[in-house]
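Here are my notes on the structure you sent. They are set out as numbered points, to be read beside the coordinates.

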Amino acid sequence: MVEETRDHLSRLVRDRRAELGISLAKVADASGDPDLQASWISRLEHNQLKDIPTRARLEALGRGLQLPPRQLARAAGAQYWGLTEEYSQDESARAIVDHLEEMSAPERRQLQAMIEAFARNRRTE
């Protein structure tokens with residue numbers, strides 16, 4: 001039996017940093033966490049961390065990579081605990097969930113109203 005490599009968070013961080021075209025040091029600086037070091041991010045990217053990142057560390061990393069903390073937490077759960085979540089196949093539902101916390105209450109209500117309107121229109125067609 002082949003054992004699956006669990007590197008969800010490592011891959012996410014490595015791929016996002018490459019997408020942004022920024023250095024490890026730039027991620028660390030942009031994180032706003034003076035304790036977040038480029039060497040730690042490098043070890044994370046290479047799946048060599050001994051300890052599971054804390055929530056505060058994931059939030060800082062999210063700032064540095066311009067990613068929602070929820071997305072990093074989900075990847076950490078998959079990598080370190082083998083947790084997986086199912087959303088829509090095209091990732092659209094996951095994108096909505098990831099960004100909900102960034103939205104104001106009126107924006108969330110507006111989004112909810114839009115989704116409900118689409119659902120009502122489908123039922124009447």
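1. A residue is called buried when its relative accessible area is under 20%, exposed when it is over 50%, and partly exposed in between. S39 has a relative accessible area of 44%, so it belongs to the partly exposed class. S39 is part of helix α3. Its C-alpha lies 7.8 Å from that of L24, although 15 residues separate S39 and L24 in sequence. Please keep in mind that this is a predicted model.

2. The overall fold is helical: the protein has 7 helices and 0 strands. Its order along the sequence is therefore simply α-α-α-α-α-α-α. The radius of gyration is 17 Å, well over the 14 Å that the globule rule gives for 125 residues, so the protein is more spread out than a compact globule. Along the principal axes, the C-alpha atoms occupy a box of roughly 55 × 45 × 25 Å.3. Of the 125 residues, 32% count as buried. Among contacts between residues at least 6 apart in sequence, 64% link residues at least 24 apart. The protein exposes about 8700 Å², and carbon and sulfur atoms account for 50% of this area. There are 19 positive and 21 negative charges, and the mean positions of the two sets are 2 Å apart.

4. Which residues touch the most other members of the largest nonpolar core? They are L9, V13, W40, I41, L44, L61 and L72, in a core of 20 residues. Helices α1 (8-20), α2 (24-30), α3 (38-45), α4 (55-65) and α5 (69-81) each contribute at least two residues to this core. In soluble globular proteins, nonpolar side chains tend to be buried together. V13 illustrates the contacts: with residues up to four places away in sequence left out, V13 touches I41, L44, E45, L61, L65 and L72.

5. What does helix α4 pack against through its buried residues? The partners are α1, α2, α3 and α5. The buried residues in α4 are R57, L58, A60, L61, G62, G64 and L65; the arginine in this list deserves a look in the viewer.

6. Q66 follows α4 and sits in the loop between α4 and α5. Its phi is positive, near 55°, in a residue other than glycine. Is Q66 buried or exposed? Q66 counts as exposed because its relative accessibility is 55%, which is to be set against the cut-off of over 50%.

7. N47 also has a positive phi, of about 55°, although N47 is not a glycine. N47 lies in the loop between α3 and α4. With 34% relative accessibility, N47 counts as partly exposed.

8. Two polar residues have N47 among their contacts, again leaving out residues up to four places away in sequence. S10, in helix α1, touches L44, E45, N47 and Q79. S10 counts as buried because its relative accessibility is 1%. D7 lies in the segment before α1 and is in contact with R14, N47 and Q79. D7 has a relative accessible area of 15%, so D7 is buried as well. N47 and Q79 thus appear in the contact lists of both S10 and D7.

Note on methods. Residues numbered from 1 in each chain as written. Predicted model: local features only at pLDDT ≥ 70, side-chain atom pairs only at ≥ 80, totals over all residues. Heavy atoms only, no water. Core = buried A, V, L, I, M, F, W, Y, C linked by side-chain atoms within 4.5 Å. Buried < 20%, exposed > 50% of the residue type's maximum accessible area, 1.4 Å probe, protein only. Contact = heavy atoms within 4.5 Å. Rg over C-alpha atoms; globule rule 2.2 N^0.38 Å. Areas by Shrake-Rupley, 256 points an atom, 1.4 Å probe, with all protein chains shown as cover. Lys, Arg positive; Asp, Glu negative; His and termini not counted. Charge placed at Lys NZ, Arg CZ, Asp CG, Glu CD.
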